[in-house]
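Please open the model in your viewer and keep the sequence panel visible. The tour below proceeds by selection, from charged pairs to the sheet and then to the aromatic rings.

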Amino acid sequence: EVSSCSCSWCPFSKMLLTVASTSVRASGPRMAVGTPTITAPGAPTARDEAMFMADPRGFCAARISEVGPVFATGAFGGAVFVGGAEAVESVCAAGTPIASGGQRQPLELAPFAPLLASAGGDWRGAYESLCAAGFHEELYAGLFAWVPKFKETGGFSTFRFEDFIDPRVRKALPGARRLLFRATAPALLGSTLEALPPREGLSTVREWGKAYAALASDRLAPASRLSLLGQAAGLSLPARLPGLGGGGGGEKGALLAAALGEGRLADALDAVEPTAALVTSMLAMAERQGGWSARLAAEQKAALTGAGPEAPIDAAVLDEMPLLHAFALETLRTQPPTRPQRLRLERDTAAGGVSLPAGTVVAAEPFVGHFLPADYASPDSFDPERFLGAGGGPPPSLGLCGPAGEAGEASRQLALAVAKATFVQLRRMFEIGVALDAPPPGGYPLHALPDSVDLKAVANMYYELQRGAAKTSSGLFYEKD
């Protein structure tokens, strides 16, 4: 029996997960992993991968409590899970990434890897390049289209069903996907969506965005939790059940893949998906942490004083918001959207007091490293204050795809900057609401809010007036872009 989540702020904190008579607690002797010569503490089983994917925090917490933060598993080719800054740096120095082989997989490389390469690894330079390409202009245009526009009707006969649906409500993660795909397209694709060569079914910004969101949902849709628990108990169940997991990419998704090519599409997925997941998790946590929401709003107002309502949010502006940075770090720590590349050790090394021979498959796991009491006091509590002073624990280094540890620092800082700028622009233009009873993030390889979670965006008056949405007389109804 394993707690599915022990976070004090999580609505699932008291839920218990029981799977047949199996136990994921690792006890017993040191077991072979990967090859007969590779040993590590733990008792790996064939059910480990399904158990981990169903409940990564509960799985890792149980193993840590028994054998510590370096342990053998039967997951992902017999990977040894590693946590703790020193242990992670040791395996990163001794290992090389395991290539997927064949076609590049989503969430394999670091977010915004092409921009970082062009900027010589300088994340500030890469962020400036992103902004110069039109990030803020496209972000603003995408959000401005969220402001409901009123249209005149010609009488009762023109009523449509959608006229009675609140257009201020949209799906949080799909909406963030479309928004960030649009805003990063000039830098990642070399063109705004509007200027891309049109194809049948892909001729408008709206069509490009919808096709991307559908394709991303399809490729990164998690197996259903019920299926994973069944697999862990030795049962055979379909990976996806009706109503569970993501939607399908369909014909539009196939058109998008053909139009962009797999290379550019993979660059977009690696950048957009972790960032969109982080932004939506930040919005949800701000809703749940009312005191922090107010503090962030006050800090944002001070930082933007004197700036116009459409002014870009550059790195200098972000530097004026340390509370926001701490909040983003704590969200990344507690709700890591992705995880680093697995490694194969090229030489014998020691990690966390455990000797690991060459050839060992290693996974630097955020649900291990981000929750160690030795590094973070009360690790299951959501507390951004820990990152505002000395001694609060190291910045989370395992929550994004690409390299782990110090090698991935530049890509993490760049993804954080994009997420923070998007968060600020959203809260500058709208009052944001996310249901307090929304399920927490889940899924693998993308750990994010479910596609079904709604977000309510009520536009501030300036943007309503600019949009022409101030008319309220009878006979006028919302028109949603």
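Select E409 first; with a relative accessibility of 27%, E409 counts as partly exposed. The model is a predicted one. Add R412, which counts as buried at 4% relative accessibility. The two residues form a salt bridge in which the closest N and O atoms are 3.1 Å apart. Both E409 and R412 belong to helix α16, where they are three residues apart, about one turn of the helix.

**Further salt bridges**

The whole structure contains 13 salt bridges. Next, select E262 and R219, whose side chains meet in one of them at 3.0 Å, N to O. This pair links distant parts of the chain: E262 is in helix α11 (residues 262–288) and R219 in helix α8 (residues 205–219), 43 residues apart. E262 is partly exposed, with a relative accessible area of 31%, and R219 also counts as partly exposed at 31%.

Now move to E330 and R386, which form a salt bridge of 3.1 Å, N to O. E330 lies in helix α14 and R386 in the loop between α15 and α16, so the pair ties together parts that are 56 residues apart in sequence. Are these side chains buried or exposed? E330 is buried, with a relative accessible area of 0%, and R386 counts as buried at 7%.

To see a salt-bridge network, select R177, E273 and D451, which are linked in this way.

**The five-stranded sheet**

Switch to a cartoon view and locate the open sheet of five strands, ordered β5-β6-β13-β10-β7 with mixed pairing. At its edges stand β5 (70–72) and β7 (95–97); each has a single partner strand, so one side of each is left without a neighbour in the sheet. On average, neighbouring strands of this sheet are turned by 30 degrees against each other, direction ignored.

Within the sheet, select β6 (residues 80–82) and β13 (residues 361–364), which run parallel and are joined by three bridges. V82 has A364 as its bridge partner in β13.

Two helices can then be added to the view. Helix α2 (residues 56–67) lies across β5 and β6, at about 105 degrees to β5. Helix α3 (residues 85–94) lies across β5, β6, β7, β10 (343–345) and β13, and runs at about 75 degrees to β10.

**Aromatic rings**

The structure has 17 aromatic pairs. Select Y140 and Y463, a tilted pair with 6.2 Å centre to centre and 55 degrees between the planes. Y140 is in helix α6 (residues 135–144) and Y463 in helix α17 (residues 461–467), so far along the chain that 323 residues separate them. Y140 is buried at a relative accessible area of 12%, and Y463 is buried at 3%.

Proceed to F327 and F382: their ring centres are 5.5 Å apart and their planes stand at 75 degrees, so the pair is edge-to-face. Because F327 lies in helix α14 (residues 322–334) and F382 in the loop between α15 (366–369) and α16 (409–429), the pair ties together parts that are 55 residues apart in sequence. Both residues are buried.

Select R333 next. The charged end of R333 sits over the ring of F371, 5.4 Å from its centre. R333 also lies over the face of Y376, at 5.0 Å from the ring centre.

Finish with one aromatic cluster, formed by F52, F59, F71, F76, F81 and Y444.

Notes:
Residues are numbered from 1 along each chain as its sequence is written. This is a predicted model: local features need pLDDT of at least 70, side-chain atom pairs count only at pLDDT 80 or more; totals for chains, interfaces and linings use all residues. Side-chain values use heavy atoms; hydrogens and water are left out. Rings of Phe, Tyr and Trp (its six-membered ring) pair if their centres lie within 6.5 Å; planes under 30 degrees apart count as stacked, over 60 as edge-to-face and the rest as tilted. Helices (H or I, at least four residues) and strands (E, at least two) are DSSP runs, numbered from the N terminus. Buried means under 20% relative accessible area, exposed over 50%, partly exposed in between (1.4 Å probe, protein chains only). A charge sits over a ring if NZ of Lys or CZ of Arg is within 6 Å of the ring centre and within 35 degrees of the ring normal. Two strands pair if DSSP finds at least two bridges between them. Axes are lines fitted to C-alpha atoms, for helices over the stretch in contact, and angles run from 0 to 180 degrees between N-to-C directions. Contact means heavy atoms within 4.5 Å. A salt bridge is a side-chain nitrogen of Lys or Arg within 4 Å of a carboxyl oxygen of Asp or Glu.
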